[in-house]
Amino acid sequence: MRKLKASILGLAIASVSLMAQDQIAVKYANTITEEDMKAKLSILASDEFGGRETGTEGQKKASKFLEDFYAKVGLAGPVEGTYRQKFSMYQSDWSDVYIKAKSGKKMNGKDFIFLGSADMDKEMKLETAYVGDASDLSNMDLNGKGVMTTARGREALGNLNEAGAAAIFVVSGNDEQFMQTLPRQARFRLKSRLRFTKELSGNASMIFNITKAMAAELMNTSADKLSTDTKARTIRFMVKQKLVEVKTENMMAYLEGTDLKDELLVISSHYDHIGQNEDGTVINNGADDDGSGTTGVMEIAEAFAQAAAEGHRPRRSVLFLNVTGEEKGLLGSAYYADNPVFPIENTVNNLNIDMIGRVDPEHEESGNRDYVYVIGSEKLSSHLKIISEYANITYTGLDLDYRFDDPNDRNRFYYRSDHYNFAKSGIPIIFYFNGTHPDYHRPTDTVDKITFDVMAKRAQLVFHTAWILVNRDERTPVDRTDDMDYGSR
Ligand SMILES: [Zn+2]
């Protein structure tokens, strides 16, 4: 089955590669240069942009940079004349959560870790029983009560919830270790994930991870008597949710086509990254992730804009889209897919670029730097891979590596960048990617490590593929839905 497919593809490629180069396409692809890319990326991935975390000052600076650029190259702003698709997201801040102990107020993130969701107006007083490892809950009425336990497993905690426990205090097995990992835990837990609604979803469970010392204090006993001194005690605590609004925006520029202008190609990247530490001393510049893709989209946009200005407007329209919130869970592209600026049914393809500026360790070692991982091109359409191969054979000569299309590949990259939100909407996509490397999501993902020669070639491949997709007669058919199983997310 697979072999047969490959040979059909080979034939198709052999026949199309006899075709001549499109000299107009070559002319504009050649405007995508190492020098231009370096100039743009040196700004996007500079310390001044502070790692471009969604909602921060750095992200705003990056959005302004994109806005100014698209205006300068003469592309249209498709959102009521602007380049910004603004929206708000929300997150819960749980720093106002405390437990009252004799020695004073114990604070979330400093003395213990709160997991769950609730929002109280005033302190809660809860009779709390010690249940050990919770292996035997028979003869215990826990309904509406607090429980203190050494159990940690999902199942055990589930059983306690089922028994009606109103709050669960999980006692640590090793206080020293607990306090060591607490700051890291707190960074993850004090702020919840960004979401589109003000309301929290899911049930309002309350779990407090506490030290054994604190457990003893709350139960008015000593650490070594905790398991034997089983008298119930009243614990006072407060869970107050602070709702934080995060305002952000997807950035986009539009080039209207000619006779097929109602059909749209989206070329995308994410312009956000993971930001910096609290005092700004450690900045994750995100030069490769995804400064490189964003630079690529800008260069491709500039090439298309120049072509249009010189009389070579594409037949189909093109949307250059730089989304926000990717690092928070593909949120910007999800927002776009739910609130498309142009009809989804007329969106023919998405070419998504996320990390094209580096050579991964394997290719570094083999010396074969002229490669790119091409992901998802066969998933929804039988045409896309052939067009991509044709563009590459004719113009760029990169080694196109399809290994991540293997449904058994454990990295599951097909689900891990913004194209996935287009694919979910039934739009055939290609995801361009250089693979991971030791600097991935680290402060060392910096401009000086970018291989601009390879990056320019990869962007030229995207440009040529886009040029063919927007100018050929036939719209990419969606003719493959379920013959390749990528599994579910
Ligand atoms: Zn990325």
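**Questions about strands and helices in a predicted model**

Me: Which residue of strand S6 stands opposite Tyr 130?
Reply: This is a predicted model, in which local features need pLDDT of at least 70 and side-chain atom pairs count only at pLDDT 80 or more, while totals for chains, interfaces and linings use all residues. Residues are numbered from 1 along each chain as its sequence is written. Strands (E, at least two residues) and helices (H or I, at least four) are DSSP runs numbered from the N terminus, and two strands pair if DSSP finds at least two bridges between them. In S6, the residue opposite Tyr 130 is Met 148.

Me: In which sense do strand S5 and S6 pair, parallel or antiparallel?
Reply: Strand S5 covers residues 124-130, and 3 bridges link S5 with S6. The sense of this pairing is parallel.

Me: Are the residues on the two faces of strand S6 buried or exposed?
Reply: A residue counts as buried if 20 or more other C-beta atoms, placed from the backbone, lie within 10 Å of its own, as exposed if 12 or fewer do, and as partly exposed in between. In a regular strand the side chains alternate between the two faces of the sheet. In S6 (residues 146-149), Gly 146 and Met 148 lie on one side and Val 147 and Thr 149 on the other, and they are all buried.

Me: What is the handedness of the crossover from S6 to S7, right-handed or left-handed?
Reply: S6 and strand S7 (residues 167-171) pair in the parallel sense over 4 bridges, and Val 147 stands opposite Ile 168 in S7. Between S6 and S7 the chain passes through helix H5 (residues 154-162). With the strands pointing away from the viewer, a clockwise path from the first strand over the helix to the second is called right-handed, and this β-α-β crossover is right-handed.

Me: Which are the edge strands of the open sheet of 8 strands?
Reply: The order in this open sheet, which has mixed pairing, is S1-S10-S12-S11-S13-S16-S14-S15. Two strands each pair on one side only, and these edge strands are S1 (84-93) and S15 (399-401).

Me: Which residue in S16 stands opposite Val 374?
Reply: Strand S14 (residues 371-375) and strand S16 (residues 429-433) run antiparallel and are joined by 3 bridges. Opposite Val 374, the residue in S16 is Tyr 432.

Me: What percentage of the residues in the protein chain is buried?
Reply: The protein chain has 13 helices and 16 strands. Of its 489 residues, the buried share is 43%.
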